[in-house]
Amino acid sequence: MNIVVCVKQTFDTEAKIVLDGSGNIDGSAVKLVINPYDEYAIEEALKLKEKFGGDVTLVSMGGERAPEALKTGFAMGADRGVLVTDPALEDPDEWACAEVLAKAISQIPYDIILTGRVAIDDGSGQVAVRMADALGVPSVSCIVELSVEDGKAVARREIDGGTELVEVCLPAVLTAQKGLNIPRLPSMAGIMKAKNKELKKLSLADVGIDASGFSRKMSVPKLSLPNPRKGGKTVPGEPAEAAKELARLLREEAKAI
């Protein structure tokens, strides 16, 4: 079975985000990690490989630091990687990501495509379903259970208030949700082997896209950090008087009631 996993490099969730002078996120001093939801996708891909045989190929987009995320996937057990990197891909939107990933994956034999349900940096959750549409294959989002047999995938996915069971023919795109599995930690042997695994770097031209006419369709004019949270306020006095004062503060100052 040929399994493709799309991965993204994101900010560490514990990183302190700082904006530069132009209002963009300053990523120079921020630790970058593989998107946590993509780790569930890699783990599920490795489980499928262990059951059916075949290869796991990681596909990503990014700049000079992107190979770090792919090497993490290699250390977990993925076989090879494809990285699309090009000056025209600086700060792409969801449409651009989906188009590029679809073009890159169309050059690879695949039976199933896995990825995280969402990236923790932008939280849009759009790329996987857009990519499936570009490839002309079905997609199932937020899966928490998966079985594959006879050219079909049966997935249990989260929905509001519960779960539902969905069956699709392969190839298909499936996005992983927390609870699908427990991602394995890279072993020392896996870390050593990761250094020698194939990482193929492609430009937009290599995947059949004209960089001169390729641009994002969505623009973000400005980013801003939320206002710092203010400290709490203590309401002194006897319980009855304090409750009365608290109600006044909630009504007149906080406008909560």
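This dialogue walks through several features of a predicted model.

User: Where should I begin, and into which domains is the chain divided?

Analyst: It helps to start with the broad layout and then move to single elements. In this predicted model, the chain is divided into domain 1, covering 2-213, and domain 2, covering 230-257. The centres of domain 1 and domain 2, taken over C-alpha atoms, are separated by 48 Å.

User: How do I read the pairing of a strand, and which strands pair with strand 4?

Analyst: Pairing is read from the bridges between two strands and from the sense in which they run. Strand 4, made of residues 55-61, pairs in the parallel sense with strand 1 (residues 2-6) over five bridges, and valine 4 stands opposite threonine 57 of strand 4. Strand 4 also runs parallel to strand 5 (residues 80-84), with five bridges joining the two; here serine 60 has leucine 83 in strand 5 as its bridge partner.

User: Is strand 4 mostly covered or uncovered, and what unit does it make with helix 2 and strand 5?

Analyst: Strand 4 is mostly covered, as six of its seven residues are buried. Together with helix 2 (residues 67-76) and strand 5, strand 4 makes a right-handed β-α-β unit.

User: Which strands are joined to strand 7, and in what sense do they run?

Analyst: Strand 7, spanning residues 139-149, is joined to strand 10 by three bridges and runs parallel to it, with alanine 176 in strand 10 as the bridge partner of isoleucine 143. Strand 7 is also joined to strand 8 (residues 152-159), this time by six bridges in an antiparallel arrangement, and leucine 146 has alanine 155 of strand 8 as its bridge partner. Strand 7 and strand 8 form a hairpin with two residues between them, and aspartate 150 in the turn has a positive phi of about 55 degrees.

User: How should I read a salt bridge, and how many are there by this rule?

Analyst: For each salt bridge, look at the partners, then at where they sit along the chain. The count comes to 16 salt bridges, one of which joins aspartate 79 to lysine 49, with the closest N and O atoms 2.8 Å apart. Because aspartate 79 lies in the loop between helix 2 and strand 5 while lysine 49 lies in helix 1 (residues 36-52), this pair ties together parts that are 30 residues apart in sequence.

User: What does glutamate 50 form a salt bridge with?

Analyst: Glutamate 50 forms a salt bridge with arginine 184, the closest N and O atoms being 2.9 Å apart. This pair links distant parts of the chain, with glutamate 50 in helix 1 and arginine 184 in the loop between strand 10 and helix 5, 134 residues apart. Glutamate 50 is exposed, with a relative accessible area of 55%, whereas arginine 184 counts as partly exposed at 28% relative accessibility.

User: Which residues do salt bridges that share partners join into one network?

Analyst: A single pair is a useful starting case: the side chains of arginine 157 and glutamate 164 meet in a salt bridge of 2.7 Å, N to O. In the network, salt bridges that share partners join Glu245, Arg248, Arg251 and Glu252.

User: Finally, which residues make the nonpolar surface patch of about 310 Å²?

Analyst: Met188, Ile191 and Met192 make this patch. Methionine 192 is found in helix 5 (residues 188-194), and at 45% relative accessibility methionine 192 counts as partly exposed.

Technical notes. Residues numbered from 1 in each chain as written. Predicted model: local features only at pLDDT ≥ 70, side-chain atom pairs only at ≥ 80, totals over all residues. Heavy atoms only, no water. Buried < 20%, exposed > 50% of the residue type's maximum accessible area, 1.4 Å probe, protein only. Helix = DSSP H or I, 4+ residues; strand = E, 2+ residues; numbered from the N terminus. Pairing = 2+ DSSP bridges. Right-handed = clockwise from strand over helix to strand, strands pointing away. Patch = residues over 30% accessible without salt bridge, like charges linked within 9 Å, V, L, I, M, F, W, Y side chains within 5 Å. Areas by Shrake-Rupley, 256 points an atom, 1.4 Å probe, with all protein chains shown as cover. Salt bridge = Lys/Arg side-chain N within 4 Å of Asp/Glu carboxyl O. Domains from an automatic or database assignment.
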